[in-house]
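Hi,

Here is the structure I promised to pass on. Have a look at it first, and my notes follow underneath.

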Amino acid sequence: MTKNPIVFSFRSFFHPFATFQSLAGTELSPRAVFFSYALWLLLLPPLFSWLGAYASGWHLGAKEPLVLTPKSLTIVSIGYFLLLMFGFVSTAIISRWMAGTYGASRSLGLHFALVAIVGTPLALASVAHLFPHVFFNVLVLIPTMIWSMYLLYRGLPIILQTPPERGMLMASSLVAWLLVAAVSLLGISMALWTAGVGPFLGV
Amino acid sequence: MSENMNLPKSHYHDEIVKTCLQFSVAWALLAMGVGVYIAAQLVWPQLNFDTPWLTFGRLRPVHTNGVVFGFGVSALMATGFYSVQRTSMVPLFAPRLAKFVVYGWQTILVLGALSLLAGWTSSKEYAELEWPFDIAILVVWVSFGVVFFGTIAKRRIKPIYVSNWFYGGFIIVIGMLHIFNNLAVPISIDKSYSLFAGAPDAILQWWYGHNAVGFLLTGGFLGMNYYFLPKMSGQPLWSYRLSIIAFWAFTYSYIWAGPHHLHYTSIPEWVQGTAMVMSVILLAPSWATMINSVMTVSGAWEKLRSDPALKFVVLALAFYGLATFEGSMMALRSVNVVSHFTDWTVGHVHSGALGWNAMVTYGAFYYMVPKLAGRPLYSVRLANVHFYLALSGTMLYIMSMWAAGVSQGLLWLSVDQVGELRYAFVDIMASMTSYYGLRFLAGFIFLSGTSLMAYNLYKTMGARKAIEARPPQVDPAYQV
Amino acid sequence: MNGFSVHRKLEENTGLLIFGILLVSAIGGLVQVLPSIFTESLSQASEYSHLYDPVELTGRDIYIREGCSVCHSQQIRPLIAEVERYGPYSRADEFVYDRPFLWGSKRTGPDLHRIGGKYSDAWHHIHLIDPRKVVKDSIMPAYPWLVNRAASDVGNIQGKMRALQGLGHPYTDEEIAAAPAALEGLTEMDALIRYLQMLGTNRPQGEDPNLHGDH
């Protein structure tokens, strides 16, 4: 397995199942996965969103774009990055916690790799943030997310070496976690924003 | 020997189960079809055709009543009658009354839908049908209770299985809610005025409205889940104790949640506050059931290979977790400030309705029909295709409505440095069109999947009569 | 465990189970709904309350019939942006004669609680016959049939007012007797517009009417 993150990401993007196969049963260091691969992927969405928003502001649909100062944009991008980091690490850890119930490999490195490979399409598709129109991003990211879910369902049994049906159950549980995390993100954001931490809302 | 003398003479009354199931599928197609149509109207208003009975305002309640009371209640009747007989090990009590319940209910639905198109409406959500229908509903509902509890009362096995508590709770609580929320003074056959007005009426309506979701869409379908999941996976329930705690905590706390539909409105703050707190507490019993179910099925993973029904139920549980979690979160005032009146609420409804209710029902139907027909499902491949259509339709629906709703909510509240509104209402509304287009597509995808199921089930059952199954011997230790 | 052996009894007795469910599920309603019905401030008329006259009542019933509350709310929340957009937030005593309440649960279109007086009768007339003539991006359905139907055909106005009188609305017998005459010559469109123009305009003397929203 190559350690070069750029080559690795393209390889896993174009041949995800071959990558899953080659990783199955191997000993993988979570640190190696994170620093040589995942970290760089996680940097992409915040970077693209900063650039896109700086160039043309956020087009939220209703007439004029919302333009933020570079300082605010940086704060938002850093927040975005921290969030993605939290999501990545927590999902991998929860996946490993579930592994016992579903007879899957308990190697943390493999779980890091699983989440990283499943998330690769989304990280790469975040190039859509360069055009910060909400609807355009929604249009690009929803099919990407569907593809990622497909990778999860078919890839998890391969890389974690569990029968497909058992893997299906585990993948469903992970999806449930991800949905809950997404919704919590929505809710926490709303609670913070209406409390004054964030853009100004007339509440 | 006492066991032989105990064996009932007749077989289970499954013809009525089959009938309910067929009606349920028919309503799914019809009411979801109306849903897709009204979704299209929000993108292309020309589809209202300047015709009174085709306008969005009149079609929407046809959709909601059709899916909840048509598709949903028929499914609960089918699965309820199926499971109560088998968990009580006796044929249905008063089978002729059961027939009255089923055909009476369907008559109410058809005539009711027509009345909605004619503009007969109370405007109270999920209780739009006017007073003649309300009376008819009450008569049929009480009969439903008599058949269901009568069957339980004459059971041959001592304990009443947990699925029956949930179905029973559904029947009792919906009856109670229906009576009080529909109290009205009739003026003419098509019009009445509610007994209560303004704020008290609002509190009463959402006591009803939320618990229609709570005890019909959640409670009743949990009953379905508690019977079919262990059956399908061939495993006993993971924790009996958890199911007891979950049931009573659920029945107690759900009722309080109603006023979370009324945050920041002109009702007393203490009512809003209690609703908010109980809505969060409610998460515990909801998830207790989900965990109980997931742990039950995790021991039966080999079945997923050959059994599409199980796939549906497993995913339904994930969406159940999502929807109940999201509900508790949206019940927090600080989140509700943004979500109230927006499409986020619509998205939330459909994550539950499509992701949980429809999918768990589809799972139950894919399991039941082969059993009733006495032969395997016509096409497992079609069922798997259906599964992916249902999943993608649901995900697309949720995502597009999250995007729409959050945008709406935030943009409505958006003010600049000097406190002036940033955006005109009409501009925000116009920017929603693309999301409404995605949602229309999502509904269409979901409906296609449902159509595949209708075809598959029809080919499996055909015009056959339901197999005559007989109640088994009862273990003497549990005999009544 | 003691609790679970108590539960045994419930699980083995149909009647007890029914009773238990009824008891437990009734509590929430008894605490939240019942007191609200008897809370005076929520149902007592005040200077903010407006008793619907026969024409407005007819218009309101048309509003209900056409499902307007499916897309339009009538409840302005006490939030800065909302008050700026729509006007003073909604008070409970403004709804004491609303049977049923029409607060709505969705804003596909804007809130209408204080729509009264914001647009001319002519604007409403054109808007209801074809919304896109005055609001280019509108997705609202058109309601052209309202001009072809008589207001007096929207049910029995006297029966309605008598029933409401029985429920505590202070209509006088003379008002009820005069009601059909009030509807004479009016179309459903006229009645609906009258209702819309009255919405939210009832402010007591001296209150600043200039808190108009800008939509």
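Let's start with chain C: 53% of its 215 residues count as buried, where buried means under 20% relative accessible area, exposed over 50% and partly exposed in between (1.4 Å probe, protein chains only). Before you read on, bear in mind that this is a predicted model, in which local features need pLDDT of at least 70, side-chain atom pairs count only at pLDDT 80 or more, and totals for chains, interfaces and linings use all residues. As for bookkeeping, residues are numbered from 1 along each chain as its sequence is written, chains are lettered from A and ligands numbered from 1 in the order in which they are written, and side-chain values use heavy atoms, with hydrogens and water left out.

**Chain C**

You'll find nine helices and zero strands in chain C (both are DSSP runs numbered from the N terminus: H or I of at least four residues for helices, E of at least two for strands). The radius of gyration of chain C is 22 Å, well over the 17 Å that the globule rule gives for 215 residues, so chain C is more spread out than a compact globule. That radius is taken over C-alpha atoms, and the rule is 2.2 Å times the number of residues to the power 0.38. Along the principal axes, the C-alpha atoms of chain C fill a box of roughly 75 × 45 × 40 Å. Of the contacts in chain C with a separation of 6 or more, 74% are between residues 24 or more positions apart; contact means heavy atoms within 4.5 Å.

Helix 8 of chain C turns up in two of the packings I looked at, so a word on the terms is due. Two packed helices are described by the angle between their axes and the distance between the axes. Axes are lines fitted to C-alpha atoms, for helices over the stretch in contact, and angles run from 0 to 180 degrees between N-to-C directions.

Take helix 7 (residues 157–166) of chain C: its axis comes within 9 Å of that of helix 8 (residues 173–183) of chain C, and the two cross at roughly 150 degrees. Helix 7 of chain C and helix 8 of chain C are therefore roughly antiparallel (angles over 145 degrees count as that, under 35 as roughly parallel, 65 to 115 as roughly perpendicular and the rest as oblique). Their crossing is right-handed; a crossing is right-handed if the near helix is turned clockwise from the far one by less than a right angle, and left-handed if anticlockwise. Helix 7 of chain C contributes residues including Ile157(C), Met161(C) and Gln165(C), while helix 8 of chain C brings, among others, Ile176(C), Pro180(C) and Leu183(C). By class, this contact has seven nonpolar, two polar and three charged residues. (Ala, Val, Leu, Ile, Met, Phe, Trp, Tyr, Cys and Pro count as nonpolar, Asp, Glu, Lys and Arg as charged, and the others, Gly among them, as polar.)

How do helix 4 and helix 8 of chain C cross? The axes of helix 4 (residues 54–65) of chain C and helix 8 of chain C come within 9 Å and cross at roughly 65 degrees, and the two helices are therefore roughly perpendicular to each other. Pro54(C), Val55(C) and Thr58(C) of helix 4 of chain C meet Ala179(C), Ala182(C) and Leu183(C) of helix 8 of chain C. Here five residues are nonpolar, one is polar and none is charged.

**Chain B**

Chain B has 17 helices and two strands. The radius of gyration of chain B is 22 Å, close to the 23 Å from the globule rule for 480 residues, so chain B is as compact as a globular protein of that length. Its C-alpha atoms fill a box of roughly 85 × 50 × 45 Å along the principal axes. Of the 480 residues in chain B, 70% are buried, and residues 24 or more positions apart account for 84% of the contacts with a separation of 6 or more.

Helix 12 (residues 308–330) and helix 15 (residues 380–413) of chain B have axes that come within 9 Å and cross at roughly 15 degrees. That makes these two helices of chain B roughly parallel, and the crossing is left-handed. Among the residues in contact are Phe312(B), Leu315(B) and Phe319(B) from helix 12 of chain B, and Phe387(B), Leu391(B) and Trp402(B) from helix 15 of chain B. The residues of this contact divide into 13 nonpolar, three polar and two charged.

One residue to click on is Gly352(B), in helix 14 (residues 343–373) of chain B. Is Gly352(B) buried or exposed? Gly352(B) is buried, with a relative accessible area of 11%. Leaving out residues up to four places away in sequence, Gly352(B) touches Ala323(B) and Asn357(B).

**Chain A**

Finally, chain A contains seven helices and zero strands. A compact globule of 203 residues would have a radius of gyration near 17 Å, and the 18 Å of chain A agrees with that. The C-alpha trace of chain A spans about 50 × 35 × 30 Å along its principal axes. Of its 203 residues, 48% count as buried, and 68% of the contacts between residues at least 6 apart in sequence join residues at least 24 apart.

Cheers
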